[in-house]
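User: Hi! I'm new to this one and would like a friendly tour. Could you put it up on screen?
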Amino acid sequence: MMNLIDFMMRGFMKKCIIGAAVSGGFIFFILVAMNVLADEQLKGSEIITIPAGSMAPVNLPHHLHQNVLGDCNLCHDIFPQVAGSIIDLKNHKKLKKQQVMNTKCIQCHKANKEAGKHSGPTECMKCHVRS
Ligand code: HEC
Ligand code: HEC
Ligand code: HEC
């Protein structure tokens, strides 16, 4: 009799452990999914269209730059991680016209080109592309 109860208890414990492992795994999965979503939001859009006054707007492959450069502040030290911040700062004269273009985009592309590394465009029409 004791043996039978013992046997049933063990079966029960086993189910509990398996149950806990399965639901634990499920919760873990949800946490990972939430983390990925939060990450995607923090990274901003994959491609960002930057207005450029009378010139054609510029398409920045944002995630490509994040992956290649690693450091967000290579750009975001002069404007925050907020959509529309460049045009806003320019309107309030806190950024000069072409400041982002000259001190960020073109400066880095030129330096990389001169160093023989992977780089981006430095010619006007390669960035200011009319669609
Ligand atoms: C090559 C320059 C560059 C780098 C590097 C960069 N960003 Fe951005 N980011 C931009 C530009 C340009 C904007 C758009 C600003 C505007 O709309 O005026 C922007 C906007 C954003 C936004 C606002 C949402 C959106 O999609 O417009 C977020 C969030 C953001 N960046 C996060 C990041 C994070 C996190 C990193 C580093 C992992 C990073 N950025 C690296 C240039 C860059
Ligand atoms: C690597 C990409 C890139 C290249 C190359 C480039 N630009 Fe730009 N340009 C931008 C970006 C981004 C902006 C918007 C941000 C800013 O004003 O700094 C801009 C803005 C401008 C503006 C508008 C400024 C305003 O607010 O009215 C003019 C004019 C301009 N560029 C002219 C040129 C000319 C001329 C060339 C070639 C000598 C050139 N750009 C090459 C990316 C580029
Ligand atoms: C600190 C360095 C750095 C800054 C700042 C930077 N870039 Fe780049 N950019 C790169 C590098 C490196 C590549 C080459 C990526 C690759 O193909 O591996 C690149 C490539 C590009 C390309 C070509 C992408 C392709 O698919 O071939 C475009 C367009 C571009 N950059 C636009 C911009 C604009 C617009 C800005 C400013 C808002 C900017 N970049 C700022 C380093 C930079």
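User: Thanks! Which element gives the most to the shell around ligand 1?
Analyst: That's H2, with 4 residues in the shell. Keep in mind that this is a predicted model.

User: Which other elements supply at least two residues there?
Analyst: Alongside H2 (62–69), you'll find helix H1 (2–43), strand S1 (47–52), helix H3 (73–76) and helix H4 (85–91), each supplying at least two.

User: And how many residues surround ligand 1, and which are closest?
Analyst: There are 22 of them, and the closest are Gly44, Ser45, Cys72, Cys75 and Ile86. Sorted by class, that shell has 12 nonpolar, 9 polar and 1 charged residues.

User: Back to H2 for a second. How many of its residues are buried?
Analyst: The count is 0 among its 8 residues, so H2 is hardly covered by the burial cut-off of 20 or more C-beta neighbours within 10 Å.

User: What follows H2?
Analyst: Gly70 does, and its phi is positive, near 80°.

User: OK, zooming out. How many helices and strands are in the chain?
Analyst: The chain has 6 helices and 2 strands. Reading from the N terminus, the order is α-β-β-α-α-α-α-α.

User: What share of the chain counts as buried?
Analyst: Of its 131 residues, 4% do. As for contacts, take those between residues at least 6 apart in sequence: 24% of them join residues at least 24 apart.

User: Let's talk strands. In which sense do S1 and S2 pair, parallel or antiparallel?
Analyst: They pair in the antiparallel sense, over 5 bridges. Together S1 and S2 make a hairpin with 2 residues between them. Gly53 sits in that turn, with a positive phi of about 55°.

User: Which residue in S2 is the bridge partner of Thr49?
Analyst: Asn59 is. Asn59 also comes up with Lys126: their C-alpha atoms are 10.0 Å apart in space, while the two residues are 67 apart in sequence.

User: Where is Lys126 found?
Analyst: Lys126 is in helix H6, which covers residues 124–127.

User: Is Lys126 buried or exposed?
Analyst: Exposed, because Lys126 has 11 C-beta neighbours inside 10 Å. The cut-off for exposed is 12 or fewer.

User: Next up, ligand 2. Which residues come nearest?
Analyst: Of the 23 residues around ligand 2, Gly53, Val100, Met101, Cys124 and Cys127 come nearest. The elements giving two or more residues to this shell are S1, S2, H4, H5 and H6. That brings back Gly53, the glycine from the hairpin turn.

User: Which of those gives the most?
Analyst: H5 does, with 6 residues in the shell around ligand 2. By class, this shell has 12 nonpolar, 7 polar and 4 charged residues.

User: And ligand 3, what's around that one?
Analyst: There are 20 residues around ligand 3, and Leu74, Cys105, Cys108, His118 and Gly120 come nearest. Strand S2 (55–61), H2, H3 and helix H5 (99–114) each supply at least two residues of the shell.

User: Which element gives the most to ligand 3's shell?
Analyst: H5 gives the most there, with 6 residues.

User: How does that shell divide by class?
Analyst: The split is 13 nonpolar, 6 polar and 1 charged.

User: Great, that gives me plenty to look at. Thanks!
Analyst: You're welcome, enjoy exploring!

Notes:
Residues numbered from 1 in each chain as written. Chains lettered and ligands numbered in written order. Predicted model: local features only at pLDDT ≥ 70, side-chain atom pairs only at ≥ 80, totals over all residues. Near = placed C-beta within 6 Å. Nonpolar A, V, L, I, M, F, W, Y, C, P; charged D, E, K, R; others polar. Contact = placed C-beta atoms within 7 Å. Pairing = 2+ DSSP bridges.
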